[in-house]
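Hello,

The structure we discussed is below. My notes on it follow.

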Amino acid sequence: MGKDWYIVCLMHNFILRLDGFPFSVGREPPEGGHRLAIDEPFISRLQFVLERREDGRLWYVNRSRTNPALIDGKPLLELQLTSRDVHLVTIGDLVVGFGTDAPAVFQAVADASPDLYGVSYRGREFGPLLFEHLVEACTKRVFDETATTWLLRDPDQVYNLFELAKRTKPASAAQWLSAV
């Protein structure tokens, strides 16, 4: 029996242990079997499949003809996966990772993803959020100046949400801060 495999996507906030193969990923993966639906318009109905071959090895297989993903930075139709490595699939801004070391997969996905933030506000946590979602939430008064935030790839660095806005996006922050 081999090591457990994990699939991670921060933008859609999941870390799953893969419990069977083939494992289908897409906007509308086929019914039955092991599957994961990712509801994004740029994801194909069946984007890719992770399948275990007769020799026991695990393979990534592209299934999208209209919007093929990159696997480990390359537009490959198939790739044999190795348990010692973290493998990343990118489709637009979406990054999905898989491997046998869940913390390493999480960190690799965080490092390869666009900046994603967590927010703590009134005893609750929100996220992952893109910066523009933070701006929109503050403009709509979902958060106020007591909210704190952190970059998911570096959760030890916690910022006041409004101070972060001033430092990272001064032009949009001025508009944002004047709105709240």
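Contact here means heavy atoms within 4.5 Å. The model is predicted, so local features need pLDDT of at least 70 and side-chain atom pairs count only at pLDDT 80 or more, while totals for chains, interfaces and linings use all residues. Residues are numbered from 1 along each chain as its sequence is written, and side-chain values use heavy atoms, with hydrogens and water left out.

Leaving aside residues up to four places away in sequence, Glu51 touches Pro22, Arg57, Leu58, Trp59, Val61 and Arg63. Glu51 belongs to strand 5 (residues 48–52); strands (E, at least two residues) and helices (H or I, at least four) are DSSP runs numbered from the N terminus. The side chain of Glu51 also makes a polar contact (N or O atoms within 3.5 Å, one able to donate a hydrogen and the other to accept it; residues adjacent in sequence count only if both atoms are side-chain atoms) with the side chain of Arg53, at 2.8 Å.

Leu50, with the same sequence exclusion, touches Leu18, Phe21, Pro22, Phe23, Leu58, Trp59, Tyr60, Leu81 and Phe98.

On the sheet: five strands form an open sheet in the order 2-1-10-9-7, with antiparallel pairing. Two strands pair if DSSP finds at least two bridges between them. Strand 2 (14–18) and strand 7 (70–71) are the edges, each pairing on one side only. Strand 7 pairs with strand 9 (residues 87–91) in the antiparallel sense over two bridges, and Val89 in strand 9 is the bridge partner of Ile71.

Regards
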